[in-house]
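Dear colleague,

I am handing over the structure below, together with some notes on what was found in it. Please read the notes with the model open beside them.

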Amino acid sequence: MVDPLVKAYEDIQQLNIDVNKLNNKASTQAFIDIAEEKYDLAIEAKDNKDSASADYDNAVNAEATAIQNLNLAQPIVTGK
């Protein structure tokens, strides 16, 4: 399965190559610029999602460790 961001990058590159073959280059280039901007935003959003996912995983692990430590300390504190 092809990564959608890789496919988008390849498509944008092909558009840049093909734009020289067109009569209305300025108008077409404007659309390519929009596509490139959206691609950049998609990459940034993916990076943010990946970072947030890692932060979530770290928080879940920290919570599990805290609960373990609480369960180990509870009998010591209560004397049971």
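To begin with a single position, Asp40 is partly exposed, because its relative accessible area of 48% falls between the limits of 20% for buried and 50% for exposed. This residue sits in helix α2, and its C-alpha atom is 9.6 Å from that of Tyr9, although the two residues are 31 places apart along the chain. Please keep in mind throughout that this is a predicted model.

Tyr9, for its part, belongs to helix α1 and is likewise partly exposed, with a relative accessible area of 42%. A second separation from Tyr9 concerns Leu72, which is 63 residues away along the chain and whose C-alpha atom is 52 Å from that of Tyr9.

The two helices concerned are α1, which covers residues 4–18, and α2, which covers residues 25–78; they pack at an angle of about 160°, and their axes are 10 Å apart. That angle makes α1 roughly antiparallel to α2, since angles over 145 degrees are counted in that way. The crossing in which α1 passes α2 is left-handed.

As for the residues that make this contact, α1 contributes Leu5, Ala8, Tyr9, Ile12, Leu15 and Asn16, while α2 contributes Gln29, Ile32, Ala35, Glu36, Tyr39, Ala42, Ile43 and Lys46. Sorted by class, the contact between α1 and α2 comprises ten nonpolar, two polar and two charged residues. Leu5 can serve as an example: when residues up to four places away in sequence are left out, Leu5 touches Tyr39, Ala42, Ile43 and Lys46.

Which residues form the largest nonpolar core? There are five of them, namely Leu5, Ile12, Val19, Ile32 and Tyr39, and the elements that supply two or more residues to this core are α1 and α2. Leu5 and Tyr39 thus appear both in this core and in the contact of α1 with α2.

Finally, the loop between α1 and α2 is where Lys21 is found. Is Lys21 buried or exposed? Lys21 is exposed, because its relative accessible area of 65% is over the 50% limit. Between the C-alpha atoms of Lys21 and Tyr39 there are 23 Å in space, with 18 residues separating the pair in sequence.

With best regards

Conventions: Residues numbered from 1 in each chain as written. Predicted model: local features only at pLDDT ≥ 70, side-chain atom pairs only at ≥ 80, totals over all residues. Heavy atoms only, no water. Axes fitted to C-alpha atoms, helices over the stretch in contact; angles between N-to-C directions. Helix = DSSP H or I, 4+ residues; strand = E, 2+ residues; numbered from the N terminus. Parallel < 35°, antiparallel > 145°, perpendicular 65-115°, else oblique. Left-handed = near helix turned anticlockwise from the far one by under 90°. Contact = heavy atoms within 4.5 Å. Nonpolar A, V, L, I, M, F, W, Y, C, P; charged D, E, K, R; others polar. Buried < 20%, exposed > 50% of the residue type's maximum accessible area, 1.4 Å probe, protein only. Core = buried A, V, L, I, M, F, W, Y, C linked by side-chain atoms within 4.5 Å.
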